[in-house]
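Here's a quick tour of one protein model, meant to be read with the structure open beside it. Pull up the view and follow along.

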Amino acid sequence: MQLRGLEVLVVGAGVAGLATAAALAQRGASVQVLEQAGGFREVGAGLQISPNGARVIAALGQGAGLSRAGMRSQAVVLHEGARAREVLRLDLPDGGAGFHLIHRADLIEVLRGALNGAEVQFNTAVGSVKLEEARPAVALDGGERLSADLIIGADGLHSKLRPAVLGAAPAAPFFTGQVAWRALIPAEAGATPEAQVFMGPGRHLVSYPLRGGRLRNIVAVEERSGWAQEGWNHPDDPAHLRAAFAGFGGPVPGWLAQVERVWLWGLFRHEVAQHWHRGAVAILGDAAHPTLPFMAQGANMALEDAYALAQVLDAADGLAAGLAQWQHLRRARVARVIAAANRNARNYHLRPPLAQVAHLALRLSGRLLPDAPLRKFRWIYDHDVTALSSRPREAG
């Protein structure tokens, strides 16, 4: 089918929603984005955009924007938590699409530059979805009803469209026994653009600079029995974060001493949705497959979903066939990435004596095969969703 003139509603103006709107509008669709917030806000913290996500941003015409707004990551460095002794340094390639460190608000601005005429309507909360009529429609909380040829749910973890697509209630998520804190602090002068990982028994901390080295992003994960609410915007006392990582050395105590505001969320495991579309309504990104943060692939999977949806529909023989083909293309890959993230959590939290054995093995492999960890995940990073089918037709 040709997307020129197709009327599309996208629910949610986050990374998934804006990327979807941009990719569809790039192919001539008429796209309106519905966002419940009052505008684009300075919310969120750091994101790591790996080459598979960076290729999508470049295909949307914003490769230069990503380079300006983000920092190209040079390495991932693993440390023992207590002594901060380096376990493994993984130097990242300085060519190709690259790995990027970027504030979420800055990535939103980059994607806004790709909207190609797609409109964003703020203060617009979706109350329900109607699937039974000739064209699907959403009922807004204010009573207004909007219909379209295609409605996309890019509305995240607590999606209003997910229940409509899945029909029966999905399996309830379960608490993994892990919580995570997010914080931003001023970065030290000359902060190197690399991700530092400090590993300890039942916990780990990741940090990297943002915004040209002016800020430092901190994500800290702890295993514990105490439940915490899901969602990344629940404030917590910085003293709790400092207590959880009191045994860590190196730069960690100095970083945590600077934390004035911190957000805590419980990490829950969700099943990947069995069905990503019903009729002319589809879900993607976190609405279809929330992932734990241990491979830094949440935003990257959303970018891949968005671009793949537009390119598959553009080449498909009808909307129903295109949505089915898109789900078939994406679901197995996303499930595999999420499984890798689940495994990574265990690797960061090893306890003695297994931790010492594993760290020694990493040091030896780093000397003998320094790029082995990167090659292990090449199936994630080398994936180029933009090359799976033809580039967009010229709209007009």
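What follows walks through the cores, a helix, some hairpins, a few backbone oddities and one tryptophan. Keep in mind that this is a predicted model.

**The cores**

Let's start inside. The largest nonpolar core has 95 residues, and the members touching the most others are Val8, Val31, Val138 and Trp326. Which helix supplies the largest share of this core? That's H8, residues 298-315, with eleven residues. There's also a second, separate core of 19 residues, with Phe198, Leu205, Ile218 and Ala220 among them. As background, nonpolar side chains in soluble globular proteins tend to be buried together.

Val8 is a handy place to zoom in. Skipping neighbours within four places in sequence, Val8 is in contact with Leu24, Ala29, Ser30, Val31, Gln32, Ala148, Leu150 and Ile152. One of those, Val31, is on the list of core members that touch the most others, just as Val8 is.

**Helix H8**

Is H8 mostly covered or mostly open to the outside? Mostly covered: 16 of its 18 residues are buried. From its first C-alpha to its last, H8 reaches 26 Å, close to the 26 Å expected at 1.5 Å a residue.

**Hairpins**

Now for the strands. Here are three antiparallel pairs, with one bridge partner picked out for each.

| Strand pair | Bridges | Example partners |
|---|---|---|
| E5 (residues 75-80) and E6 (residues 86-91) | five | Val77 and Arg89 |
| E9 (residues 126-130) and E10 (residues 137-140) | four | Val129 and Val138 |
| E10 and E11 (residues 145-147) | three | Ala139 and Arg145 |

Each pair is also a hairpin, so have a look at the turns. E5 and E6 have five residues between them, and Ala84 in that turn has a positive phi of about 60°. Six residues link E9 to E10. E10 and E11 have four residues between them, with Gly143 in the turn at a positive phi of about 105°. Strand E10 thus takes part in pairing with E9 and with E11. Val138, which bridges to Val129, is also one of the core residues touching the most other members.

**Positive phi in loops**

Most residues other than glycine have a negative phi. Two loop residues go the other way. Asn123 has a phi near 55° and sits in the loop between strand E8 (119-121) and E9. Arg211, at about 50°, is in the loop between strand E15 (203-210) and strand E16 (215-223).

Which of these is buried, and which is exposed? Asn123 counts as exposed because its relative accessible area is 63%, over the 50% cut-off. Arg211 counts as buried because its value is 17%, under the 20% cut-off.

**Trp379**

Last stop: Trp379, in helix H12 (residues 378-381). Its relative accessible area is 22%, so Trp379 is classed as partly exposed. Leaving out neighbours within four places in sequence, what is Trp379 in contact with? Arg333, Arg336, Val337 and Ala340. The Trp379 side chain also reaches the backbone oxygen of Lys376 at 3.3 Å. For a sense of scale, Trp379 and Gly117 are 34 Å apart in space, C-alpha to C-alpha, and 262 residues apart in sequence.

How values were computed: Residues numbered from 1 in each chain as written. Predicted model: local features only at pLDDT ≥ 70, side-chain atom pairs only at ≥ 80, totals over all residues. Heavy atoms only, no water. Pairing = 2+ DSSP bridges. Helix = DSSP H or I, 4+ residues; strand = E, 2+ residues; numbered from the N terminus. Core = buried A, V, L, I, M, F, W, Y, C linked by side-chain atoms within 4.5 Å. Buried < 20%, exposed > 50% of the residue type's maximum accessible area, 1.4 Å probe, protein only. Contact = heavy atoms within 4.5 Å. Expected span 1.5 Å × (residues − 1). Polar contact = N/O pair within 3.5 Å; in protein donor to acceptor, adjacent residues only side chain to side chain.
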